[in-house]
Amino acid sequence: MHDIRAIRENPEAWDAALSRRGVEAMSSQILDLDKARRAAITAAEEAQAEQNRASKDVGKAKASGDEAEFERLRALVAAKKAEVAEMQDKAKTLDTQLTDLLMGVPNLPLDDIPDGADENDNVEIRRWGSPRTFDFTPKEHYDLDGVKPGMDFEVAAKLSGSRFVVLSGGVARIHRALAQFMLDTHTEEHGLAETWTPVLVRPEMMYGTGQLPKFGEDSYETTNGWWLIPTSEVTLTNIVNGLTVEQSYLPRRYTAHSQCFRSEAGSAGRDTAGMLRQHQFEKVEMVTVCHPDEALAEHDRMTKCAEAILEKLGLPYRTVVLCTGDMGFGAQKTHDIEVWLPGQDSYREISSVSTCGTFQARRMNARFKPAEGGKPGFLATLNGSGLAVGRCLIAVLENGQQADGSVDLPEALHPYLRGKTRLSAEGVLE
């Protein structure tokens with residue numbers, strides 16, 4: 001959420017930054033609500049003061065025997081009491097309207113973010129590895145002979161509908177190994193704290209990280225009002241919801257492996273083949289809570305943590321900075337890491353790493369006490385995939401495929417597979 005004081009102090013600059021995201025100027029609408037809200041608060045305070053003065057004078061009038069003055073003052077007290085209640089209700093209503101309006105406004109991009117309309121305007125900042133040269137035409141993951149026995153979309157469709165999959169045998173084992181490998185790397189080499197959190201959350205947790213109110217259609221709500229998490233960013237970030245922590249507590253770096261659920265309402269018809277875009281999937285998430293001054297350095301650090309997973313697996317990738325038109329709702333700056341998929345002959349997103357500044361912390365009312373003393377400030381929050389497990393499985397299978405339909409597996413996974421090094425053309429780990 002946005003700092004109303006920043007909008008009051010420089011509405012033109014705020015509107016200009018918002019326009020870079022394709023959002024029309026909103027400062028006048030917001031400031032009109034803010035002005036009316038503050039006027040109602042002031043009117044309630046003035047009426048309360050008049051009520052208090054009149055209440056004191058009522059006793060004096062009664063003691064002096066001035067019945068007329070007593071009745072006048074008593075009526076004035078009753079009128080002011082009603083006025084106070086009316087103005088307080090008005091201020092509360094306006095405050096709710098203002099909060100609801102601000103809750104739907106995306107974060108402002110940092111000054112160095114490239115302007116653009118969509119993913120075509122993103123800017124590549126580096127590449128790692130060289131795509132493998134095949135002496136045959138590479139296939140997509142779901143067409144590989146060794147994969148077909150362990151990746152069943154028909155049974156999944158019978159069970160749940162489209163965009164689900166049933167994994168079994170060697171493919172399921174590789175999928176599990178990838179998640180364990182990611183967690184071990186992040187905890188043992190990158191200093192993240194392994195965490196396990198619920199996948200059902202209260203709606204205020206979804207508001208805190210920005211999935212609600214604007215993107216409710218992209219997630220699943222249960223009949224009792226809980227929400228299935230679209231990513232454990234929701235739970236990990238909300239650990240500090242409503243808290244004021246000591247600066248010495250920071251930074252806090254978390255990682256969690258979880259099931260994730262997305263209705264993908266805004267992506268109908270896209271990537272329907274294979275495992276690339278599913279309603280239920282697994283992800284190893286990274287979240288950092290830190291001092292705002294450390295957020296940009298932490299963003300670079302977190303990006304390197306995600307890249308390191310791909311490098312250890314020997315998977316070529318490129319890293320791009322997202323333009324203003326492609327950034328997520330809560331982000332100030334985002335790096336997308338795209339892994340090479342030979343079956344598609346293209347790079348595809350496998351991780352988004354974003355710094356949100358204090359945007360989410362304001363929504364969660366999450367603060368820290370400065371070490372040097374003074375007024376508590378809002379925390380900075382960051383999140384990133386480290387990585388999407390299913391997409392990493394796709395990349396491992398496609399990059400390691402052989403002409404006979406078997407798959408050579410990355411050396412980093414061998415210890416997690418009890419020394420097995422390949423998936424045979426029959427779908428058996430060997």
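**Exercise 1. Find how strands S12 and S13 pair in this predicted model, and pick out a pair of opposing residues.**

Start with the two strands: S12 covers residues 333–341 and S13 covers residues 346–355. Next, look at their direction: the pairing is antiparallel and runs over nine bridges. Finally, choose one position to check on screen: His 335 has Val 353 of S13 opposite.

**Exercise 2. Place these strands in their sheet: what is the strand order, and which strands stand at the edges?**

Let's trace the sheet from end to end. The order is S1-S11-S12-S13-S16-S10-S9-S4, an open sheet of eight strands with mixed pairing. The edges are strand S1 (123–128) and strand S4 (193–194); each has a single partner strand, so one side of each lacks a neighbour in the sheet.

Now step inward from S4. S4 pairs with S9 in the parallel sense over two bridges, and Glu 194 faces Thr 255 in S9. Moving on, S9 and S10 run antiparallel and are joined by ten bridges. Within that pairing, Tyr 254 has Val 287 in S10 as its bridge partner.

**Exercise 3. Determine which strands helix H9 lies across, and at what angle it runs to S16.**

Take the helix as residues 295–313. H9 lies across S1, S9 (252–261), S10 (280–290), S11 (317–321), S12, S13 and S16 (380–388). Comparing directions, H9 runs at about 5° to S16.

**Exercise 4. Describe the packing of helices H6 and H11.**

A helix pair is described by the angle and the distance between the two axes. For H6 (residues 169–188) and H11 (residues 389–399), the axes come within 10 Å and cross at roughly 115°. The crossing of H6 and H11 is right-handed.

Then turn to the side that each helix offers. H6 brings Val 171, Ile 174, His 175, Leu 178, Ala 179 and Met 182, while H11 brings Val 389, Gly 390, Cys 392, Leu 393, Val 396 and Leu 397. By class, this contact has ten nonpolar residues, two polar and no charged.

**Exercise 5. Characterise the second largest pocket: how much space lies in it, and what lines it?**

Begin with volume: the second largest pocket holds about 340 Å³ of space. Its lining has 16 residues, and His 2, Asp 3, Ile 4, Arg 362 and Phe 378 are the closest to its centre. Next, sort by element: helix H1 (4–9), helix H4 (67–103) and strand S15 (377–378) each give two or more residues to this lining, and H4 gives the most, with four. Last, sort by class: the lining has seven charged, six nonpolar and three polar residues.

Technical notes. Residues are numbered from 1 along each chain as its sequence is written. This is a predicted model: local features need pLDDT of at least 70, side-chain atom pairs count only at pLDDT 80 or more; totals for chains, interfaces and linings use all residues. Side-chain values use heavy atoms; hydrogens and water are left out. On a 1 Å grid over the protein atoms alone, a cavity is a set of points where a 1.4 Å probe fits but cannot get out, and a pocket is an open set with protein on both sides within 12 Å along at least five of seven lines; lining residues have an atom within 4 Å of a point. Grid points are joined across faces, edges and corners, and a volume is the space filled by probe spheres set on the points. Ala, Val, Leu, Ile, Met, Phe, Trp, Tyr, Cys and Pro count as nonpolar, Asp, Glu, Lys and Arg as charged, and the others, Gly among them, as polar. Two strands pair if DSSP finds at least two bridges between them. Contact means heavy atoms within 4.5 Å. Axes are lines fitted to C-alpha atoms, for helices over the stretch in contact, and angles run from 0 to 180 degrees between N-to-C directions. A crossing is left-handed if the near helix is turned anticlockwise from the far one by less than a right angle, and right-handed if clockwise.
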